[in-house]
Amino acid sequence: MTKKTKKPWPTKNVMNQIYEMHLWGGNQFDFYSGTGSHNPKIIDPYLKVVITFLETHKKPLVVCDLGCGDFNIGKHLTKHTRKYIAVDIVENLIHRNKNLHQEDNLAFYCLDITKDVLPPGDCIILRQVLQHLSNNDIEKVVKKITAYKYIILTEHIPLGNFVPNKDIISGQGIRLKQNSGVNLLEPPFNLKIKDQQQLGEYILENNKGRIVTTIYKAF
Ligand SMILES: C[S@@+](CC[C@H](N)C(=O)[O-])C[C@H]1O[C@@H](n2cnc3c(N)ncnc32)[C@H](O)[C@@H]1O
């Protein structure tokens with residue numbers, strides 16, 4: 001008898017279900033990407049440091065927002081960029097974002113960032129996306145992001161020391177319960193960078209970890 005191995009559900013279906021069933025909260029919203037995308041205590045300092053970074057460039061940057069979610073963050077950044085390309089795997093969410101947010105320099109695409117070719121640009125934003133993906137999925141993204149000059153990465157990680165990159169199945173949860181979190185510079189990803197700077201950190205109450213934003217400059 002052959003042993004049956006359980007195949008995880010495709011990430012697209014998982015993310016669709018998260019939004020349909022409001023698994024990240026926000027029942028009163030049509031689409032809700034979680035408190036990390038809405039709590040002013042978390043998003044205001046984030047926006048401040050990212051806007052400051054974007055404004056340091058005389059020629060505004062082309063930004064690709066990978067896993068843009070409900071766009072409660074991205075909507076504040078578009079005017080500080082030359083072009084803002086926002087992508088997400090959830091088709092209905094992209095459709096809704098296209099209707100709600102219309103600007104000359106803004107484009108939305110429904111893409112799976114692990115499988116599809118990513119749009120060209122100067123800078124990518126990956127905010128609380130990789131934390132939900134398996135190591136296999138993250139590896140596929142990491143191979144593509146070195147093509148960009150800047151990577152602004154935000155990850156929810158444990159407080160204090162932790163074992164980086166314990167594997168999970170792509171979905172609603174993150175590695176926190178296993179006292180782990182994503183660190184792209186560590187195995188199995190080993191992202192090679194020229195420079196890095198921590199832009200900000202928000203410490204959650206009740207030992208729920210911290211949300212850290214780092215900018216990596218690629219070679
Ligand atoms: C927690 S939300 C964060 C949304 C947004 N970055 C923010 O900070 O407000 C994670 C988002 O990543 C998207 N996502 C997950 N896997 C993806 C994939 N393979 N390709 C594109 N988007 C993906 C989800 O659909 C979801 O909208």
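What follows is a short talk on the fold of one chain and on a few of its residues.

Okay, hi everyone. Before anything else, please keep in mind that this is a predicted model.

Let's begin with the whole chain. The secondary structure adds up to 4 helices and 9 strands. If you walk from the N terminus, the elements come as α-α-β-β-α-β-β-α-β-β-β-β-β. Along the principal axes, the C-alpha trace spans about 65 × 40 × 35 Å. How does the radius of gyration fit with a compact globule? For 219 residues, such a globule would have a value near 17 Å, and the chain has 17 Å, so the two agree. Buried residues make up 34% of the chain. And if you take the contacts with a separation of 6 or more, 60% of them are between residues 24 or more positions apart.

Now, what's inside? The largest nonpolar core has 35 residues, and Leu66, Ile124, Leu126 and Ile151 have the most contacts within it. Who contributes to this core? Two or more residues each come from helices H2 (40–55) and H4, and from strands S1 (62–66), S2, S3 (106–110), S4 (123–127), S5 (150–157) and S9. Take Leu126 as an example: setting aside neighbours within four places in sequence, Leu126 is in contact with Leu66, Gly67, Ile151 and Leu153. There's also a second, separate core of 8 residues, and among its members are Met15, Tyr19, Trp24 and Ile89.

Two of those names, Met15 and Tyr19, bring us to the first helix. In H1, which covers residues 11–20, the buried residues are Thr11, Met15 and Tyr19. Why do they line one face of the helix? Looking down the axis of H1, you'd find the buried residues within an arc of 70 degrees, so they sit along one face. If you haven't met this before, an α-helix has 3.6 residues a turn, so residues three or four places apart point the same way. On the other side of H1, Asn13 and Glu20 are exposed. The buried residues of H1 pack against helix H3 (91–100) and helix H4 (135–145). Just after H1 comes His22, with a positive phi of about 50 degrees.

H4 can be read in a similar way. Its buried residues are Asp137, Ile138, Val141 and Ile145. Down the axis of H4 they fall within an arc of 95 degrees, so again they line one face of the helix. They pack against H1, S4 and S5.

Next, the ligand. Which residues come nearest to the ligand? Out of 22 residues around it, the nearest are Ser37, Gly67, Gly69, Ile89 and Arg127. You've already heard two of those names: Gly67 is one of the contacts of Leu126, and Ile89 belongs to the second core. H1 and strand S2 (83–88) each supply at least two residues of the shell. Sorted by type, the shell has 9 nonpolar, 10 polar and 3 charged residues.

Let me show you some backbone details too. Gln128 isn't a glycine, yet it has a positive phi of about 50 degrees. You'll find Gln128 in the loop between S4 and H4. Is Gln128 buried or exposed? Gln128 has 22 other C-beta atoms within 10 Å, and 20 are enough to count as buried, so Gln128 is buried.

Now compare the loop between S7 and S8, where Asn190 lies. Asn190 also has a positive phi, near 50 degrees, and is a residue other than glycine. But Asn190 has 10 C-beta neighbours inside 10 Å, so it counts as exposed. In the loop between strand S7 (180–181) and strand S8 (195–203) you'll also see Pro188. The peptide bond joining Pro187 and Pro188 is cis, with omega about 0 degrees.

Last stop: Phe219, in the segment after strand S9 (210–217). Phe219 is exposed because it has 8 C-beta neighbours inside 10 Å. Leaving out neighbours within four places in sequence, Phe219 is in contact with Lys192 and Lys194. How far is Phe219 from Cys68? They are 151 residues apart along the chain, and their C-alpha atoms are separated by 25 Å.

That's the tour, thanks for listening!

How values were computed
Residues are numbered from 1 along each chain as its sequence is written. This is a predicted model: local features need pLDDT of at least 70, side-chain atom pairs count only at pLDDT 80 or more; totals for chains, interfaces and linings use all residues. A residue is buried if 20 or more other C-beta atoms lie within 10 Å of its own, exposed if 12 or fewer, and partly exposed in between; C-beta atoms are placed from the backbone. The arc is that of the directions from the helix axis to the C-beta atoms. Two residues are in contact if their C-beta atoms, placed from the backbone, lie within 7 Å. A residue is near a molecule or strand if its C-beta atom, placed from the backbone, lies within 6 Å of it. Ala, Val, Leu, Ile, Met, Phe, Trp, Tyr, Cys and Pro count as nonpolar, Asp, Glu, Lys and Arg as charged, and the others, Gly among them, as polar. The radius of gyration is taken over C-alpha atoms; the globule rule is 2.2 Å times the number of residues to the power 0.38. A nonpolar core is a set of buried Ala, Val, Leu, Ile, Met, Phe, Trp, Tyr and Cys residues joined through C-beta atoms within 7 Å.
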